[in-house]
Each structure stands twice: as C-alpha cells, then as structure tokens.
Amino acid sequence: MERKKPLTQPHSVRDLVDLWPSRRDLAEEANVTLHQVNAWIKRGRIPAEHHFDIATAARVRGYKNVTSEIIDRLHIRVKRSKERHQAAAQMVREAAKTAAE
C-alpha cells in the first residue's frame, strides 16, 4: 500500500524514511543498502553523501517537501538537541559535585 504524501516536511530521519512505502523501497531508490537505511534510523542521522540521492528519489515520487536543504535541517535539529542534552547532563554533574563537597 502506498503511503500518503505528507502535508508538511519531515521532522526527523524516521519521518523522512516513513514517507516511502518501505525501507527497502527507499534503499533501492537512493542506491544504498537496507542495512544503511536501518542504521540511519537508529542513529537519527543520514550521512551527507546520501542527501542528494534521497532528495532526488523523493522528487521522483512527488514528495516536493523533501529537499537536500530539508534533510540538512533535520541534522541541525538533532545536533542542537544533543548539545542541550549534553549541557543539561553537565549541569547535573556539577550540581552533584557541589552537593557532595
């Protein structure tokens, strides 16, 4: 069954992958392996060398809201989220250290 074309742009790598009817379809259309697609989802990022091929595959399918720029932005969000998480963890460690002193 064909998945519906989204009305908005994807907000995560999983959202992006889920646009395709299957992960295997995306892998074939982007000239990568199924293992690579699964790894992208697990890591929450897609290596930059695949952005153009994914954007091209999306365009062929009519997913006009998926471009190389949109894929790049997904990674900016992930990076910012990880940076916030790391900063919060550092604050907790510092607070624990101060409380122990």
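Okay, let's start with His51, which sits in helix 4, the stretch covering residues 51–61. Keep in mind that this is a predicted model. So, is His51 buried or exposed? His51 counts as buried, because its relative accessibility is 6%, and the cut-off for buried is under 20%. What does His51 touch, once we skip its neighbours within four places in sequence? The contacts are Ile46, Ser68, Ile71, Asp72 and His75.

Now look at the rest of helix 4. His51 has company there: Ile54, Ala55, Ala57 and Ala58 are buried too. Why do we say that these buried residues line one face of the helix? Look down the axis of helix 4: the buried residues fall within an arc of 160°, so one face is what they line. There's a general point behind this. An α-helix has 3.6 residues a turn, so residues three or four places apart point the same way. Turn to the face of helix 4 that points away from the buried side, and you'll find Phe52, Arg59 and Val60, which are exposed. Right after the helix comes Gly62, with a positive phi near 90°.

Let's stay with Ile54 for a second. Again leaving out neighbours within four places in sequence, Ile54 is in contact with Leu16, Trp20, Ala30, Trp40, Ile46 and Ile71.

That takes us to the core. The largest nonpolar core has 21 residues, and Ile54 is among those with the most contacts inside it, along with Leu16, Trp20, Leu26, Val37, Trp40 and Val66. Which helices supply it? Helix 1 (13–17), helix 2, helix 3, helix 4 and helix 5 (68–100) each give at least two residues. Helix 4 provides the largest share, four residues. As a general rule, in soluble globular proteins, nonpolar side chains tend to be buried together.

Zooming out, the protein chain has five helices and zero strands. Of its 101 residues, 31% count as buried. And if you take the contacts with a separation of 6 or more, 55% of them join residues 24 or more positions apart. As for the surface, the chain exposes about 7100 Å², with carbon and sulfur atoms supplying 55% of that.

One last stop: Asn31, in the loop between helix 2 (23–29) and helix 3 (34–43). Asn31 counts as exposed, because its relative accessibility is 66%. Asn31 isn't a glycine, yet it has a positive phi of about 60°. For background, most residues other than glycine have a negative phi.

Technical notes. Residues are numbered from 1 along each chain as its sequence is written. This is a predicted model: local features need pLDDT of at least 70, side-chain atom pairs count only at pLDDT 80 or more; totals for chains, interfaces and linings use all residues. Side-chain values use heavy atoms; hydrogens and water are left out. Buried means under 20% relative accessible area, exposed over 50%, partly exposed in between (1.4 Å probe, protein chains only). Contact means heavy atoms within 4.5 Å. A nonpolar core is a set of buried Ala, Val, Leu, Ile, Met, Phe, Trp, Tyr and Cys residues joined through side-chain atoms within 4.5 Å. The arc is that of the directions from the helix axis to the C-beta atoms. Accessible areas come from the Shrake-Rupley method with a 1.4 Å probe; for residues, only the protein chains shown count as cover.
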